[in-house]
Every structure is written in structure tokens, then in C-alpha cells.
Amino acid sequence: MRKSGIELNDAQTTELIALSDSPDEELARRARIVLSLGRGNSIRLVAAEEGAGKNTVSRRKRRFLGEGRRRSLAGMAEDPRPPSTSGT
């Protein structure tokens, strides 16, 4: 199994565990994805466990790692959606 490349410290793990029980289902899912990657699970395995696409898991990994910058729980926030251009 290929390692995920995410190392979590105790504070991050504690915060992610709390977020994984959030009533916000999407936030909870993002937290579970990062926790699973932090346990060394592959992107493919995490995707299968969460019923997510590999691209979704990869995006969560990149956002958590800050695309090469300092690791951050700020990466748990949802990406803003661009305005729709259809219909008007």
C-alpha cells in the first residue's frame, strides 16, 4: 500500500476526530478522509471507504497540506464555488 504522505500531530488528530462527528455531514466526511490518510491509508482505499472519488480524496489531501505550505486545518473548509454562468 502506498503511503499517503500526511503526518498528523496530536492536536490535529484530536481536532479532526471532533470534526468527524460534526452535524455538518460534508465537514465530517472531509475530516474522516484526512484522518484516514493520516493513518497511512492509500488514496484508493480512503476513496473506497468513504464512497468518494479518488480526485475528491486527492483534493482533500492537497488542501490539508496547503499545496506545499504549512499543514493546516483551514484546508478543511469547502472551496468556494464559482458563480453559475448557465441560464442567464
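**View 1. Helix 3 packs against helix 4 at an angle of about 115° in this predicted model.** The two axes lie 8 Å apart; an axis here is a line fitted to C-alpha atoms, taken for helices over the stretch in contact, and angles run from 0 to 180 degrees between N-to-C directions. Helix 3 and helix 4 are therefore roughly perpendicular to each other (65 to 115 degrees counts as roughly perpendicular, under 35 as roughly parallel, over 145 as roughly antiparallel and the rest as oblique). Their crossing is right-handed, a term for a near helix turned clockwise from the far one by less than a right angle, with anticlockwise giving left-handed. Helix 3 brings Ile43, Arg44, Val46 and Ala47 to the contact, and helix 4 brings Lys54, Val57, Ser58 and Lys61; contact means heavy atoms within 4.5 Å. Sorted by class, that's four nonpolar, one polar and three charged residues. Ala, Val, Leu, Ile, Met, Phe, Trp, Tyr, Cys and Pro count as nonpolar, Asp, Glu, Lys and Arg as charged, and the others, Gly among them, as polar.

**View 2. Helix 2 meets helix 4 with a crossing angle of roughly 80°.** Their axes come within 10 Å, and the angle therefore makes helix 2 and helix 4 roughly perpendicular to each other. On the helix 2 side you'll find Arg30, Ile33, Val34 and Leu37, facing Val57, Arg60, Lys61 and Phe64 of helix 4. No polar residues turn up in this contact: the split is five nonpolar and three charged.

**View 3. Helix 2 and helix 3 pack at about 145°.** Here the axes are 10 Å apart, and helix 2 passes helix 3 in a right-handed crossing. Arg29, Arg32, Ile33, Ser36 and Leu37 of helix 2 make the contact with Ile43, Val46, Glu49 and Glu50 of helix 3. Four of these residues are nonpolar, one is polar and four are charged.

**View 4. The largest nonpolar core holds 15 residues.** Such a core is a set of buried Ala, Val, Leu, Ile, Met, Phe, Trp, Tyr and Cys residues joined through side-chain atoms within 4.5 Å. Leu16, Leu37 and Val57 have the most contacts inside this core. Helix 1 (10-19), helix 2 (25-38), helix 3 (43-50) and helix 4 (54-65) each chip in at least two residues, with helix 2 giving the most, six. Zoom in on Val57 and you'll see it touching Ile33, Leu37, Ile43, Val46, Ala47 and Ala52, leaving aside residues up to four places away in sequence.

**View 5. Arg39 sits in the loop between helix 2 and helix 3.** Arg39 is exposed, with a relative accessible area of 60%; exposed means over 50%, buried under 20% and partly exposed in between (1.4 Å probe, protein chains only). Its C-alpha atom is 8.5 Å from that of Leu8, although 31 residues separate the two along the chain.

**View 6. The whole chain has four helices and zero strands.** From the N terminus on, the order is simply α-α-α-α; helices (H or I, at least four residues) and strands (E, at least two) are DSSP runs, numbered from the N terminus. Of the 88 residues, 38% are buried. Among contacts between residues at least 6 apart in sequence, 46% join residues at least 24 apart.

**Notes on the model.** Residues are numbered from 1 along each chain as its sequence is written, and side-chain values use heavy atoms, with hydrogens and water left out. Because the model is predicted, local features need pLDDT of at least 70 and side-chain atom pairs count only at pLDDT 80 or more, while totals for chains, interfaces and linings use all residues.
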